[in-house]
Amino acid sequence: MSGPARPVRYVQSERVLSRRTLHGILVLPIDHGEFFDLTGTGEVLWDVLAEPRSIAEAASALHVRFEGPLADVVADVTPVVADLVRRRALVRSDGPGP
Amino acid sequence: MNHPWPPLARAVAAHGLPGHGVPFPAGAPDGTAWAELVVSVKRQRLAGLLALAVADGAVEVDAARAEQVAALHRTAMVKAVVLERALLTTTDVLGHAGVDLRVLKGTAVAHLDYPDPAQRCFGDVDLLVRAEQFDAAIEALRAGGYERLFPEPRPGFQRRFGKGNCMVTPEHHEIDLHRTLAMGPFGLTIVLDDLWANGATFRLAGQDVPALAGEERFLHACFHASLGDPIPRLSVLRDVAQMLLTRPLDLDRVRRRSAAWRADAVIARAVALAGDAFALQATEPLLAWARAYEPDGRERQAMAVYTDPHQTYAAKSFAALRAIPGLPAKAAYLRALAFPDRSYLAGRHESRLHRWTRGLTQVVRPRIRP
């Protein structure tokens, strides 16, 4: 008998170079090749994902800091996380959650 | 005291340094001062410290100038991360070839000596390799598609006598490969084993990257400030002050190394320059020593080939002769410079005779100039 499925967690890839700038964070995933900037809530999300978190956990952490229904935050975070995974800036993690 | 740098650029370079005496002028800089600052920030690699000063509210800027600073800083940071990627690729190539290395200067200093690497900009990558592995390092990089920018006068010359060579990555980034920390006489008296006796590491994209230990990093910053350009960059002087004032340096080790490398004049000049540039108080023991230091005749002569803006590569090479130990080595050095391989002359001098004439002119000219 198996227990409840563990949520998929994401964390910043180690293979990333980054710098904090006046407007946010400049990120260069070394296996992808294109750099990009994360600003505003994107910068906060990046900091939150320094530790492994599921989308729900990351959205909860953002929800504490920003107004609006949690469901809306989850809806906003989901495609951003998917994009960061595609860019190899985030990776799936087997580590424990917060 | 007159300084060669604009006052506002000095204030930016000093920002965040404990105990400095270069405050920002009150009020927003006028248009001329701002334009001058922007030019200086690019030349002196101060975009990180200017961004910090703006974020801290130390310098008064309107929205347009804040955007300008943000853009300057971002451009510098794009360059930094792109160079760091080139560094990681290069360390991989050298690692697979079994070549030991230490990352030098801007990249290492940014990560190890500043609270945030975003404060320190840099324009290339510098790596130290062991003298006995220098040729192997060049070969490994060439096999990896890197191009050697300058040929050496004769095979093995740089391994024995040179400062190093510049390699260009397939993506056209410059990697300076060092055997020692300076060209000319002061580069030849450095005890190279001292650079490998201790070490530090910093984390980059999940990898531990090796660098010089703190004391040797400080000494290298002093070499760079003292011998690099006749008027050193403010960012380089900031490195000297940053390490001196914010790191727990073992000053006994610094002085022992400095004496063993016959580099007291080099270290004293760098520390005194940094102290003057940032109006530091002489309560710091090394600064008090540096300000009181009187170089002897040999040191003055050796320093002149670096600090006189009219001095040349040939003059530095000639001055290096005195620092080469033993007659056979001196003879090998002279032979390589006097009778270099044809490949070395290609594109540089029309003939060996022309090279001799030009070299002698450069060596002699400084002595007959009033």
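At what angle do helix H2 (residues 31-44) of chain B and H4(B) pack, and how far apart are their axes? That is the topic of the first view; like the others, it shows a predicted model.

**View 1. Helices H2(B) and H4(B) pack together in chain B.** The angle between the pair is about 10°, and their axes sit 11 Å apart. Angles under 35 degrees count as roughly parallel, so that is the label H2(B) and H4(B) get. On the H2(B) side, look for B:Gly31, B:Trp34, B:Val38, B:Val41 and B:Lys42. Facing them from H4(B) are B:Arg65, B:Gln68, B:Val69 and B:Leu72. Sorted by class, the residues of this helix-helix contact come out as five nonpolar, two polar and two charged.

**View 2. Chain B meets chain A across about 1700 Å² of buried area.** Carbon and sulfur atoms give 64% of that area. Over on chain B, the residues that lose the most area to chain A are B:Arg74, B:Val81 and B:Arg85, which together make up 34% of what that side buries. As for head count, chain B puts 26 residues into the contact and chain A puts in 16 residues.

**View 3. Salt bridges and polar contacts link chain B and chain A.** There are three salt bridges between the two chains. One of them pairs A:Arg19 with B:Glu84, and the closest N and O atoms there are 2.6 Å apart. Counting residue pairs in polar contact, with both partners at pLDDT 80 or more, gives five between chain B and chain A.

**View 4. Helix H4 (63-96) is among the elements of chain B that touch chain A.** Helix H3 (47-56) and strand S6 (200-204) of chain B also give two or more residues to this side. H4(B) supplies the largest share, 14 residues. What classes of residue does the side of chain B that touches chain A have? The tally is 16 nonpolar, four polar and six charged.

**View 5. A:Glu57 and its surroundings in chain A.** Now for a look inside the other chain. A:Glu57 belongs to helix H2 (residues 55-65) of chain A. Its side chain makes a polar contact with the side chain of A:Arg9, at 2.6 Å. Leaving out residues up to four places away in sequence, A:Glu57 touches A:Arg9, A:Pro52, A:Gly97 and A:Pro98.

How values were computed:
Residues numbered from 1 in each chain as written. Chains lettered and ligands numbered in written order. Predicted model: local features only at pLDDT ≥ 70, side-chain atom pairs only at ≥ 80, totals over all residues. Heavy atoms only, no water. Contact = heavy atoms within 4.5 Å. Buried area = accessible area lost by both parts, 1.4 Å probe. Salt bridge = Lys/Arg side-chain N within 4 Å of Asp/Glu carboxyl O. Polar contact = N/O pair within 3.5 Å; in protein donor to acceptor, adjacent residues only side chain to side chain. Helix = DSSP H or I, 4+ residues; strand = E, 2+ residues; numbered from the N terminus. Nonpolar A, V, L, I, M, F, W, Y, C, P; charged D, E, K, R; others polar. Axes fitted to C-alpha atoms, helices over the stretch in contact; angles between N-to-C directions. Parallel < 35°, antiparallel > 145°, perpendicular 65-115°, else oblique.
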